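Visitor: I would like to go through this model step by step. Please show me the entry before I ask anything.

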Amino acid sequence: MFSRGVVQSTYRSNASLFWKAFRAASAPAITRGTLPGALTTGRRYISVYGYTQAKALVYSRYGEPKDVLRLHKHSISPPHGSQVTLRLLAAPLNPADVNQIQGVYPSKPPFQTALGTQDPCAVGGNEGAFEVIATGSGVKTLSKGDWVVMKQTGQGTWRTHAQMEESQLIKIEDTDGLSPLQISTVSVNPVTAYRMIKDFCEWDWMRSGEEWLIQNGANSGVGRAVIQLAREWGIKTINVVRERKTPEETEALKSELHELGATAVVTETELLSGDFKNMLSGLTRNGREPIRLALNCVGGKNATALAKALSPGSHLVTYGAMSKQPVSLPSGLLIFKNLAFDGFWVSKWGDKHPQLKENTINDVLQLTRAGKFKDIPVEEIKWAWDTDSTALTAGVQETLSGYRSGKGLFKYEGGD
Ligand SMILES: NC(=O)c1ccc[n+]([C@@H]2O[C@H](COP(=O)([O-])OP(=O)(O)OC[C@H]3O[C@@H](n4cnc5c(N)ncnc54)[C@H](OP(=O)(O)O)[C@@H]3O)[C@@H](O)[C@H]2O)c1
């Protein structure tokens, strides 16, 4: 009904009639292409009659982010019923976001025309922190100024503004002492780390400080969360990282993870060396302190080495495949050591346990407020109203490049 470019000049002269007709005609659709009637001040479009001007990084086909992502401008109608209009605060760029755009990730948000794009599209990004800027009359739990995160992945977070149902959002009850970075990165990586440590091993809490976990990808967002949660819960950690270009850089990375609470940090080369067995004996008092859990996001030989380090009856949980190599396991580990091998996917887990997900987020934020959960390093990509799309898509393209100084993070600096 309301197609781009057909809003007549009567929009301004007879706005209320237009608005009534528009509302009646397009009740379920919440956003459409940019209103030609919108006024501009300088470069920023301002809302007329409650419309919010928005931009979103969208894709209509799968491929490399630099080839398929584009910035789409559209307008968002005033919220009604249980709708909530949001402004982006910050949104991270996670490996899974890129895999999703490449079309190689199992969850694929449907391509839709709700934003008024010529071809059906999806909005990139799966997590982020948003501020509520307007609410419909039926909204009960949220008000202007509240900060929220997405209840589920796949809702599209790389956008300056969004309109969603109240039921799709989790309100951050107490934002005191918390930053957009902390809130925007809490719902995927820390939740993954938290659940994998708690749900795949029955830790003997009487032996606090005497049990271990081992993980690869320890410099990742998940890895850093694992280190800090394990430290908090009295579990020792062996953390595998990749060597840096120089020994000094490798040492600097090891020190950084030690400062977060890592008990031991080893390089992938050390893990795969013949000497690793002796190193393990030294760390674990000749095996008297068991290694009860292995967390694998790399695969290949690295994952096999983690499995070999485990004590009998332990668990290896795979949650990523950064090396793109399969996990191969010597049969003896299954037969004689009775190891269990699992996978974990936070999206599916969160859909199944929405309340537990919210509780987990709150637990992590509580630790963050208490200074016990440090910010991940980020490479901030400022997103102002007139930021060029190439600056944004180049940032996305970098996500899987490896050896980075921090995770990409969109920080929105435009107004309402
Ligand atoms: N299953 C789930 O529910 C779930 C949830 C969250 C994340 N994940 C997965 O967990 C992994 C980490 O995610 P993140 O967001 O925490 O990552 P991140 O902060 O963006 O960091 C990426 C990490 O991957 C490492 N890496 C990249 N290529 C590698 C390779 N070829 N071999 C070994 N390591 C490599 C990097 O190591 P360097 O520092 O050495 O470059 C870095 O530590 C990803 O695979 C992601 O998809 C899974």
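Visitor: How many helices and strands does the protein chain have?
Guide: This is a predicted model, in which local features need pLDDT of at least 70 and side-chain atom pairs count only at pLDDT 80 or more, while totals for chains, interfaces and linings use all residues. Residues are numbered from 1 along each chain as its sequence is written. Helices (H or I, at least four residues) and strands (E, at least two) are DSSP runs, numbered from the N terminus. On that basis the protein chain has 15 helices and 19 strands.

Visitor: What percentage of the residues of the protein chain count as buried?
Guide: A residue is buried if 20 or more other C-beta atoms lie within 10 Å of its own, exposed if 12 or fewer, and partly exposed in between, with C-beta atoms placed from the backbone. Of the 416 residues of the protein chain, the buried portion is 40%.

Visitor: In what order do the strands of the six-stranded open sheet run?
Guide: Two strands pair if DSSP finds at least two bridges between them. In this sheet the pairing is parallel. The edge strands, each paired on one side only, are β14 (264-267) and β17 (340-343). The order is β14-β13-β12-β15-β16-β17.

Visitor: Which residue in β13 is the bridge partner of tryptophan 212?
Guide: Strand β12 (residues 212-215) pairs with strand β13 (residues 236-241) in the parallel sense, over four bridges. The partner of tryptophan 212 in β13 is lysine 236.

Visitor: At about what angle to β15 does helix α11 run?
Guide: Axes are lines fitted to C-alpha atoms, for helices over the stretch in contact (C-beta atoms, placed from the backbone, within 7 Å). Angles run from 0 to 180 degrees between N-to-C directions. Helix α11 (residues 300-309) lies across β12, β13, β15 (291-296) and β16 (315-318). Its angle to β15 is about 170°.

Visitor: How many of the residues of strand β6 are buried?
Guide: Strand β6 covers residues 83-92. It pairs in the antiparallel sense with β8 (residues 129-135) over six bridges, and with β19 (residues 407-412) over three. Five bridges join β6 to β10 (residues 161-165), again antiparallel. Of the 10 residues of β6, the buried ones number nine.

Visitor: Which residue stands opposite leucine 86 in β8?
Guide: β6 and β8 are antiparallel partners. Opposite leucine 86 stands valine 132.

Visitor: Which residues of strand β9 point the other way from Trp147 and Val149?
Guide: In a regular strand the side chains alternate between the two faces of the sheet. Strand β9 (residues 147-150) has Trp147 and Val149 pointing one way, and the residues on both sides are buried. Those pointing the other way are Val148 and Met150.

Visitor: Which residues are closest to the ligand?
Guide: A residue is near a molecule if its C-beta atom, placed from the backbone, lies within 6 Å of it. There are 25 residues surrounding the ligand. The closest are Ser220, Gly221, Gly320, Met322 and Val346.

Visitor: How many residues of the shell around the ligand are charged?
Guide: Ala, Val, Leu, Ile, Met, Phe, Trp, Tyr, Cys and Pro count as nonpolar, Asp, Glu, Lys and Arg as charged, and the others, Gly among them, as polar. The shell holds 13 nonpolar and 10 polar residues. The charged ones number two.

Visitor: Which domains each supply at least three residues to the shell around the ligand?
Guide: Domain bounds come from an automatic or database domain assignment. Among the helices, α4 (95-102), α6 (189-199) and α7 (221-232) each supply at least two shell residues. The domains that each give at least three are domain 1 (52-185 + 375-412) and domain 2 (189-348).

Conventions: Contact = placed C-beta atoms within 7 Å.
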